[in-house]
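Visitor: I would like a close look at a single part of this model, with enough of its surroundings to place it. Could you pick one spot and walk me through it slowly?

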Amino acid sequence: MTRRGHVPERTCRGCGRRGPQAELVRFVVAGGCLSEDRLRTMPGRGVYCCDAAVCRGRLAKNRKILQAG
C-alpha cells in the first residue's frame, strides 16, 4: 500500500544532502568501476549523488564504496 503524495528521499554520498530520489543520480559499482545508472535499472546496490562535479569527485574518491562492488 503506497501513501498518496509520498516522495522517496535519498542521501548524496558526496555532500550528505538529503533530497528527492528524482533529483539525485544513481551509481552502481560494477567490476570495481563506478558506473552511472540514469535509468535506475542496473543490478546491484546503488548509491546516490548530486549532479554537481564536486560531489561526483568525492564519490569517486570514496574507497569504501569502490571496495563494496
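Guide: Gladly! Let us begin with a term: a residue is called buried under 20% relative accessible area, exposed over 50%, and partly exposed in between. The spot I have picked is A60, and the model we are looking at is a predicted one. The relative accessibility of A60 is 43%, which lies between those two cut-offs, so A60 counts as partly exposed.

Where does A60 sit? Its place is in helix α1, which spans residues 53-61. Setting aside residues up to four places away in sequence, A60 touches L34 and L66. L34 takes us to strand β4, which covers residues 33-36. As for distance, the C-alpha atoms of A60 and A22 are separated by 21 Å, with their positions 38 residues apart along the chain.

Now for the wider setting. The protein has two helices and five strands, in the order β-β-β-β-β-α-α from the N terminus. Its C-alpha atoms fill a box of roughly 40 × 25 × 20 Å along the principal axes. Of its 69 residues, 26% count as buried.

Helix α1 also has a share in the largest nonpolar core, a set of twelve residues: C12, L24, V25, F27, V29, V47, Y48, C49, C50, C55, L59 and I65. Along with α1, the elements giving two or more residues to this core are β3 and β5 (46-49). One core member worth a pause is C12; beyond its neighbours within four places in sequence, C12 is in contact with R17, L24, Y48, C49, C50 and C55.

From the core we can follow F27 outward, because F27 has E36 of β4 as its bridge partner. Strands β3 and β4 pair in the antiparallel sense over four bridges. They form a hairpin with two residues between them, and in the turn G31 has a positive phi of about 65 degrees.

For a contrast with A60, try Q21, in the loop between β2 (18-20) and β3 (25-30). Is Q21 buried or exposed? Its relative accessibility is 18%, and the limit for buried is under 20%, so Q21 counts as buried. Apart from neighbours within four places in sequence, Q21 is in contact with P8, E9, R10, R40 and Y48; of these, Y48 belongs to the nonpolar core. The C-alpha atom of Q21 is 7.7 Å from that of V7, 14 residues away along the chain.

Finally, a glance at the surface and the charges. The accessible surface comes to about 5,100 Å², with 52% of it belonging to carbon and sulfur atoms. There are 15 positive and 5 negative side chains, and the centres of the two sets lie 7 Å apart. Among contacts with a separation of 6 or more, 35% join residues 24 or more positions apart.

Notes:
Residues are numbered from 1 along each chain as its sequence is written. This is a predicted model: local features need pLDDT of at least 70, side-chain atom pairs count only at pLDDT 80 or more; totals for chains, interfaces and linings use all residues. Side-chain values use heavy atoms; hydrogens and water are left out. Buried means under 20% relative accessible area, exposed over 50%, partly exposed in between (1.4 Å probe, protein chains only). Contact means heavy atoms within 4.5 Å. Accessible areas come from the Shrake-Rupley method with a 1.4 Å probe; for residues, only the protein chains shown count as cover. Lys and Arg count as positive and Asp and Glu as negative; His and the chain ends are not counted. The place of a charge is taken as NZ of Lys, CZ of Arg, CG of Asp or CD of Glu. A nonpolar core is a set of buried Ala, Val, Leu, Ile, Met, Phe, Trp, Tyr and Cys residues joined through side-chain atoms within 4.5 Å.
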